[in-house]
Amino acid sequence: MFKIALLGRDISYSMSPRVHAVISESSGVSYKFDMFDVKYDELTATANYLLDNYDGFFVTRPYKQNIKRLLTQDGGSINVVRSRDKAVFDTDGLGFISALDRNFSGWRETVANVLVLGAGGASRSVCTALSAVGKKIYILDRTIMNAARLVSEYKNGSVALFSNQEVELAVNCTSVGMSGEDILKSLCVLPDFKYAFDLIYSCDTPFLRRARAGGAETSSGTDMLIYQAIEGIKLITGSSFDTETVFESVKEGL
């Protein structure tokens, strides 16, 4: 039996244990899944413990960039670590694009410009995935320096600062909304887009409700969570199984 974990901070809300229980059952890959909710000063010791005692682990906020630097000395963001060779992966981008394809039919043809809210690790994954499929991305963050730093990482010009450009898709990559906050109101953005995607999956956020009231098609991050988890299990365990079959089982089991 494989041993796999989730490493993060304040993650008691996470649906990951339920998701992974169904993935294990429906994929035929037997593994034990544990949660490690640690403070920053415990991060390095916990990561080393997981490398020594687990086959691999998932990383969630706020440690995706910290773990990448710890293991590779490089910048950027990751969400999956395979212990045997200390390999790091980002399956969030693949999960995000898969969720868009599933929920927004035709988005690849109708979306040219995307507004990404936030400039953290999740935003990097989303920007990289959108840039790879030819979209122009605009970043808006409460801290302009964070947004500018993220923009500077994309030398091909696919990412720029948001200054009220017209966009068809808006993506909330922050945790703003989990406690009822309205990120569009706080950042003074009108919900005049065709699609809205929130990486938050634990509730129907004010961001999604406002976008829906403005006529947008909306989706929470649940499907992204499932897709990235399935891909991560394949990478950690080396297993091969049909993604969509397992995805459907997880959706039915939640």
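User: Which residue in S9 stands opposite valine 114?

Analyst: Leucine 169 stands opposite valine 114. The model is predicted, so local features need pLDDT of at least 70 and side-chain atom pairs count only at pLDDT 80 or more, whereas totals for chains, interfaces and linings use all residues. Residues are numbered from 1 along each chain as its sequence is written, and side-chain values use heavy atoms, with hydrogens and water left out.

User: Why are strand S6 (residues 113-117) and S9 said to pair?

Analyst: Two strands pair if DSSP finds at least two bridges between them, and S6 and S9 are joined in the parallel sense over 4 bridges, so the criterion is met. S9 also runs parallel to strand S10 (residues 195-198), again with 4 bridges, and within S10 phenylalanine 197 is the bridge partner of valine 171.

User: What makes both faces of strand S9 (residues 169-172) count as covered?

Analyst: A residue is called buried under 20% relative accessible area, exposed over 50% and partly exposed in between, with a 1.4 Å probe and protein chains only. Leu169 and Val171 on one side of S9, and Ala170 and Asn172 on the other, are all buried.

User: How many strands form the open sheet that contains S1, and what is their order?

Analyst: The open sheet has 5 strands in the order S2-S1-S3-S4-S5, with mixed pairing. Strands S2 (31-37) and S5 (87-89) are its edges, since each pairs on one side only. Neighbouring strands are turned by 20° against each other on average, direction ignored; such angles run from 0 to 180 degrees between N-to-C directions, with axes fitted to C-alpha atoms and, for helices, over the stretch in contact.

User: Why do S3 (residues 56-59) and S4 (residues 80-82) qualify as a pair?

Analyst: S3 and S4 share 3 bridges in the antiparallel sense, so they satisfy the requirement of at least two. One of the positions involved is phenylalanine 58, whose bridge partner in S4 is valine 80. Helix H3 (residues 64-72) packs on this sheet, touching S1, S3, S4 and S5, and its direction makes about 150° with that of S5.

User: What does helix H2 (residues 43-53) lie across?

Analyst: H2 lies across S1 (2-8), S2, S3 and S4, running at about 165° to S1. Contact here means heavy atoms within 4.5 Å.

User: How do you know what span is expected for helix H1 (residues 16-27)?

Analyst: Helices are DSSP runs of H or I with at least four residues, strands are runs of E with at least two, and both are numbered from the N terminus. The expected span of a helix is 1.5 Å times one less than its number of residues. H1, with 12 residues, reaches 16 Å from its first C-alpha to its last, close to the expected 16 Å. The buried residues of H1, among them Val19 and Ile23, pack against S1, S2, S3, helix H10 (222-237) and helix H11 (243-253). Just after H1, glycine 28 takes a positive phi of about 85°.

User: Why is the protein chain called as compact as a globular protein of its length?

Analyst: The radius of gyration is taken over C-alpha atoms, and the globule rule is 2.2 Å times the number of residues to the power 0.38. The chain, with 11 helices and 11 strands, has a radius of gyration of 18 Å, close to the 18 Å that the rule gives for 254 residues, so the description as compact follows. Buried residues make up 55% of the 254 residues.
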